[in-house]
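Hi everyone, thanks for coming. Could you pull the model up on your screens while I talk?

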Amino acid sequence: MAGILLESGVVLVPLACAALYIIVTSNKLLVLFSLFAALVFLAGRRLRYHYSSGAYGDMVVRIKEQSEPASENRGARKSDSGSDGDSDDGAEFNEIIDDAHRHCDIDEEVVEGSGALLSTAVTSASTKFDMELYGSALSYDHRCFYIDGHPTWILATDFDYWRIPLSSDISEEEKSNTGKADQAKQVWRRVLLQIKSMGFNAVRIRFHWGFHSPSKGKYDFTGSRDVHQLLTLCEELGVLVIACLGPYVGDDVQGGGYPFWLIQRDHIRLRHLKHSGYKLWDNHFAAAEAEWYDQIIPMIVGHEVVTKNTRGRGCVVLVQVENHLGARGPLSLPLALQDETRLLARMARERVIRTPLITNNHVWPQDFTSFAARAWMLVEKKLRAYRIISDVYRTDISGFTVRDITQNPLDIDSIAFATKGDNVPMFAAELYKSTNGGNGELFSEQIEIALSQGLSAFSLPGFFDLPSIGNFASAALTASPNTQYAAVGDDGLLSQDARVSRLVLNAARAFEHMSVASDYVSARPWITRP
């Protein structure tokens, strides 16, 4: 409290003195100067808070495990896994889960006063993908990804398993003979095979916190919510997975993917948002995020590409933390806190995630080439040079969103400068087609131009028209009344755009080993070579 009063006094006393002088002398120049000084001070203060690492509050890095509920949850998962009939696979998976729950590189008790811990430990280098250790299984450079040494483009579409109803795909007779887990597997297999036949080699799966957590402390990973079975199926079909952990997964989902029990708690600030245009760190929300990561990450660690299991190589090639954190507040100041991403990346690494971590916090081109973006980049560079603010935290790969690449061609130099990604693949986590008519209204054109402009990985939201069960339609996926956004309808029928997209995708994959090593790609001027 004393610190708050002192800090407020340092700000208010000079302003009060200046206001008194203005009233006495009516000096207009001093009025303007005082307003300008106040704006500069507030902007500088906000930037310091944005880039600070735990300096304005204790950060919850790990919540204390309550032995009885944790053991009950793990026991329930064991019994559910064993009911599938594959005891060897279930035993192996349960062992991985137990190992992930036991693993930690700090004390098991709650970490209090951890601002200093984060400021020294959570840096871009501390959460970096260990390519020396796992490079034989997965590596990357400016050209592409390499899986077991083979050059690979990651061509993905979104697969929202929580949107797919089981009743419309399975007859009543089949329901009576099989359990919900088998029903879900049949439906997922059909959709994944269709995705693979279209030429995609990967899917982006957004794991829905609210879908798995109906109430506080209760989590369901059975039946149509069985994440382990879904990832096992992807491995069997040879489909790579971009795992989007959230906790926020998108604006096309009710509450952004947060569970209703969390949204209903007034004392918790979702995404640390105190009010419109201003964020203030909330330890309660951070603890809730840790609870979700404690549940979902053990389901994923045994399915990473860098891991070999009874089925061979895993399927999870990238792990995305959070989504769309690049919003800006008043004066175009960055709204999101650096500690938001720092904390999630720290928790992911603590819980044994070994694959590269990615983000999707920026939109091309406004967050890269607009006047406000460039101006703040220069300001931040000067402030860092004088050690007024700390360095920007970045995950292994900084993804971005592109809306109609035909109208907004990529500028590789600008993206590399903003993301400091001089030797990493260009990754469009969300690549949308145009909804305003014109040439950009076809997915096939988006795919072709994206590959020709140097994208090594992308995901196409809305390519498949999955039912919106219990979820809102996204404004980004809304086409004109006379057109349908999806290339493949919910009835499985292919549009002409889908047929052309299939030709483009299969042609790209057939020649990717030559395309990634082409002179055009190798001659990029922004590449830093040893």
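I'll go through some aromatic contacts and then one helix.

A word on the basis: this is a predicted model, where local features need pLDDT of at least 70, side-chain atom pairs count only at pLDDT 80 or more, and totals for chains, interfaces and linings use all residues. Residues are numbered from 1 along each chain as its sequence is written, and side-chain values use heavy atoms, with hydrogens and water left out.

So, aromatics. There are 18 aromatic pairs here, meaning Phe, Tyr or Trp rings (the six-membered one for Trp) with centres within 6.5 Å; planes under 30 degrees apart are stacked, over 60 edge-to-face, and the rest tilted. Take Trp209 and Trp261: their ring centres are 6.0 Å apart with planes at 80°, so they sit edge-to-face. Trp209 belongs to helix 9 and Trp261 to helix 11, so the pair ties together parts 52 residues apart in sequence. Helices here are DSSP runs of H or I, at least four residues, and strands are E runs of at least two, numbered from the N terminus. Trp209 is buried, at 0% relative accessible area; buried means under 20%, with a 1.4 Å probe and protein chains only. Both tryptophans belong to one aromatic cluster, along with Tyr219, Tyr248, Tyr258, Phe285 and Trp292.

Now helix 17, residues 443–452. Which of its residues are buried? They are Phe443, Ser444, Gln446, Ile447, Ala450 and Leu451. They span an arc of only 165° (taken from the directions from helix axis to C-beta atoms), which puts them on the same side of helix 17. After the helix comes Gly454, with a positive phi near 105°.

How values were computed:
Buried < 20%, exposed > 50% of the residue type's maximum accessible area, 1.4 Å probe, protein only.
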